[in-house]
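Open the model in your viewer, switch to a cartoon view, and keep the selection box handy. We will walk from stop to stop, picking a few side chains each time.

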Amino acid sequence: MAQVHVISGVERRRRWSPEQKRAVVAAAFAPGAVVSQVARQADLCPGQIYRWRQDLAAASCGFAQVVVTAPEPVSCEDGTPAIEVRVGDSVQVRIPAAGRAATVRAIAALLLEFAAG
């Protein structure tokens, strides 16, 4: 007669949506957070959170999240149309919409340098 083993318990292979992964990674790397505590709360190994962080960074291709809003037209001090760029709450730059490409590239490079810390 053949023997049958019944294994009961929680299935360990779970499916996480990209949004769930982003939320766990964001919680783990928030100021004052401890990765091992967040992992324990999500019933994960801390290494999984680090792996997700690598995967999410690779998927982002180095671009920052951009929020486009247009509550009212933005203009420079002289009244010409402008593009407004904000980095957090501390940096705000208005670039003339008809600005030269070299100027815009230089400003973008400075903002990237600033954001990198």
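Which residue just after α2 takes a positive phi? Select Asp-43: its phi is about 60° in this predicted model.

**Stop 1: Asp-43 and its partner**

Asp-43 sits in the loop between α2 and α3. A positive phi is worth a pause here, since the residue is something other than glycine. Most residues other than glycine have a negative phi. With a relative accessible area of 40%, Asp-43 is partly exposed.

Now add Arg-14 to the selection and show both side chains. Asp-43 and Arg-14 form a salt bridge, with 4.0 Å between the closest N and O atoms. The pair joins distant parts of the chain, as Arg-14 belongs to the segment before α1 and lies 29 residues from Asp-43. Arg-14 counts as partly exposed too, at 30% relative accessibility.

**Stop 2: the two sides of α2**

Step back from Asp-43 into the helix that precedes it. Which residues of α2 are buried? Select Val-35, Val-38, Ala-39 and Ala-42. These four span an arc of only 100° around the axis, so they lie on the same side of α2. Looking down the helix axis is a good way to see this.

Then turn the helix over. On the face pointing away from the buried side you will find the exposed residues Arg-40 and Gln-41.

While Val-38 is still selected, add Ala-26 and draw a distance between the C-alpha atoms. They are 10.0 Å apart, for two residues separated by 12 positions along the chain. Ala-26 belongs to helix α1 and is partly exposed, at 48% relative accessibility.

**Stop 3: Phe-29 and its neighbours**

Next, select Phe-29 and Tyr-50. How are these two rings arranged, stacked or edge-to-face? They are edge-to-face, with 5.6 Å from centre to centre and 70° between the planes. This is one of 2 aromatic pairs found in the whole structure.

Phe-29 is in the loop between α1 (18-28) and α2 (35-42), while Tyr-50 is in helix α3 (residues 46-60), so the pair ties together parts that are 21 residues apart in sequence. Both rings are partly exposed: Phe-29 has 32% relative accessibility, and Tyr-50 has 38%.

Keep Phe-29 on screen and add Arg-53. What sits over the ring of Phe-29? It is the charged end of Arg-53, 4.2 Å from the ring centre. Phe-29 is thus a good residue to colour by itself: it has Tyr-50 as an aromatic partner and the charge of Arg-53 over its ring.

**Stop 4: a salt bridge within α3**

Stay with helix α3 and select Arg-51 and Asp-55. Their side chains meet in a salt bridge, 3.3 Å from N to O. Both residues lie in helix α3, 4 residues apart, or about one turn of the helix. In an α-helix, residues three or four places apart point the same way. Asp-55 is partly exposed at 37% relative accessibility, as is Arg-51 at 48%.

**Stop 5: across the two strands**

Move along to the strands and select Glu-84 and Arg-94. Their side chains also meet in a salt bridge, here 2.9 Å from N to O. Glu-84 lies in strand β1 (residues 82-87) and Arg-94 in strand β2 (residues 91-96), so the pair ties together parts that are 10 residues apart in sequence. Glu-84 is partly exposed, with a relative accessible area of 26%, and Arg-94 is partly exposed at 41%.

How many salt bridges does a search of the whole structure find? The total is 3.

**Last stop: the whole chain**

Clear the selection and zoom out. The chain has 4 helices and 2 strands, arranged along the sequence as α-α-α-β-β-α. Colouring by relative accessibility makes a nice closing view: of the 117 residues, 13% are buried. A surface view shows about 9900 Å² of accessible area, with 57% of it belonging to carbon and sulfur atoms.

Finally, if you draw contacts between residues at least 6 apart in sequence, 28% of them join residues at least 24 apart.

Technical notes. Residues numbered from 1 in each chain as written. Predicted model: local features only at pLDDT ≥ 70, side-chain atom pairs only at ≥ 80, totals over all residues. Heavy atoms only, no water. Phe/Tyr/Trp six-rings, centres within 6.5 Å; stacked < 30°, edge-to-face > 60°. Buried < 20%, exposed > 50% of the residue type's maximum accessible area, 1.4 Å probe, protein only. Lys NZ or Arg CZ within 6 Å of the ring centre and 35° of its normal. Contact = heavy atoms within 4.5 Å. Areas by Shrake-Rupley, 256 points an atom, 1.4 Å probe, with all protein chains shown as cover. Arc of directions from axis to C-beta.
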